[in-house]
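User: I should like to understand how the terms used for a structure follow from their definitions. Could you take me through them in turn?

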Amino acid sequence: MKRITRVFEQLRPTDPVVITMHQKPDPDAMGSALGLYHFIKKLGNPAVVISPTNWADFLKWMPGIEEVIDFESKGEIAKKYLFAAKWLFCLDYNNFSRTRYMEGILTQMDCKKVLIDHHREPQSESFDFVYSDHTKSSTSEMIYDFIKFSGKADLIDQDIATCLYAGVMADTGSFRFSSTSPDVHKMIAELQGFDIDHPKIHSNIYDNFQENRLRFIGHVLLNRMELMYEYNTALIAIPKADILRYQIKTGDTEGLVNFPLSIQGIEMAALLIDRDEERKWSFRSKETFDCNTFARKYFNGGGHYNASGGRSSLSVDANIVEFKKALKEFLIN
Ligand code: 5GP
Ligand code: MN
């Protein structure tokens with residue numbers, strides 16, 4: 001495995017580049033991928049962004065997103081790019097399994113592989129170049145660093161700045177989480193030098209839903225939230241019927257897991273959603289609850305200390321039972 005700065009010694013101007021991120025990309029995954037995409041194109045290389053799945057409507061304003069290929073719906077086109085790639089950039093995930101049906105292809109690809117990511121416990125042995133740091137606020141911040149390492153930061157423009165701003169803003173909870181370091185603030189100050197419309201970026205992400213989503217949140221908070229004050233924990237479990245009734249789409253449940261953390265005494269919030277093929281968990285904590293270890297140990301997942309996700313093939317009811325058992329065991333140890 002080589003140092004990330006050596007990428008620039010080896011990247012030749014004609015090398016085709018493919019950029020990927022985790023399935024159901026969030027603003028950091030999409031923002032870092034598009035920020036890098038615009039930069040690589042300015043270096044002169046042919047580049048393409050491939051997402052393992054579709055993405056939320058509230059990302060559709062991002063510069064360049066109309067060129068992103070969805071592997072699930074355009075697999076054949078995506079595969080052509082993947083097989084022709086000389087470089088594969090993997091952003092905002094630590095393990096190929098986070099790319100769903102792309103996992104097999106990415107594992108087998110015979111090209112230079114670069115990981116840039118801020119999740120814990122990266123699968124480093126699968127990559128030629130690794131830039132992994134779980135203390136970083138976001139992958140978008142790391143792409144900014146990466147651009148600086150290249151010595152070509154003068155190529156940053158309004159599109160790159162906009163994409164990276166969106167990623168850092170979303171992954172820091174609008175510059176609120178402890179990961180919002182002095183470096184993050186310095187980076188944002190520099191990005192603002194590119195005349196980005198930051199109030200618009202915030203409202204594009206947070207004020208860009210349909211009525212059904214707000215009604216759904218009202219219903220869920222009223223009827224599906226269980227508070228376990230003895231464990232400082234809240235659990236929201238959403239059955240398939242709710243998803244259908246409110247016509248919930250990709251991205252509509254983003255942020256929902258954070259609501260219970262606004263209640264005094266609640267330090268951990270868990271959200272379970274019944275998706276077609278699996279049950280998806282999200283975990284968030286305020287203080288000393290280690291969401292990453294909890295998700296890894298009990299729900300086949302992982303992530304960060306204060307934010308993680310997991311999944312299970314069991315039913316919603318069976319998951320609730322498992323969760324309560326796991327929580328007790330985890331808090332005792
Ligand atoms: P979310 O709850 O928004 O899906 O995910 C929260 C954090 O945990 C994100 O940083 C995400 O990348 C990570 N994460 C979510 N699901 C999984 C999973 O199944 N496995 C791993 N390793 N990380 C996950
Ligand atoms: Mn991220």
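Analyst: A polar contact is a pair of N or O atoms within 3.5 Å; within protein, one must be able to donate a hydrogen and the other to accept it, and residues adjacent in sequence count only if both atoms are side-chain atoms. This is a predicted model, in which local features need pLDDT of at least 70 and side-chain atom pairs pLDDT 80 or more, whereas totals for chains, interfaces and linings use all residues. Residues are numbered from 1 along each chain as written, chains are lettered from A and ligands numbered from 1 in written order, and side-chain values use heavy atoms, without hydrogens and water.

User: What makes the pair formed by Gly302 and ligand 1 a polar contact?

Analyst: A backbone N or O atom of Gly302 lies 3.0 Å from a nitrogen atom of ligand 1. The limit is 3.5 Å, so the pair is a polar contact. Oxygen atoms of ligand 1 also lie 2.7 Å from a side-chain N or O atom of His119 and 3.1 Å from one of His304. Taken alone, ligand 1 exposes 490 Å², of which the protein buries 85%; such areas come from the Shrake-Rupley method with a 1.4 Å probe, and for residues only the protein chains shown count as cover.

User: How do you know which residues are donors of the manganese ion (ligand 2)?

Analyst: Donors are N, O and S atoms within 2.8 Å of the metal (3.2 Å for Na, K and Ca); water is not among the atoms, so sites may look incomplete. Asp28 (OD), Asp92 (OD), His118 (NE2) and Asp171 (OD) lie 2.2 to 2.4 Å from the manganese ion, and therefore count as its protein donors. Their spacing along the chain is D-x63-D-x25-H-x52-D. Asp28 and Asp92 are both buried, a word that means under 20% relative accessible area, with exposed over 50% and partly exposed in between (1.4 Å probe, protein chains only).

User: Why are β9 and β10 called paired strands?

Analyst: Strands (E, at least two residues) are DSSP runs, as are helices (H or I, at least four), numbered from the N terminus. Two strands pair if DSSP finds at least two bridges between them. Seven bridges join β9 (residues 268-274) to β10, so these antiparallel strands are paired. One of the bridges links Ala269 to Arg284 in β10.

User: Which strands belong to the open sheet, and in what order?

Analyst: The order of its six strands is β7-β8-β9-β10-β12-β11, with mixed pairing. β7 (225-228) and β11 are the edge strands, as each pairs on one side only.
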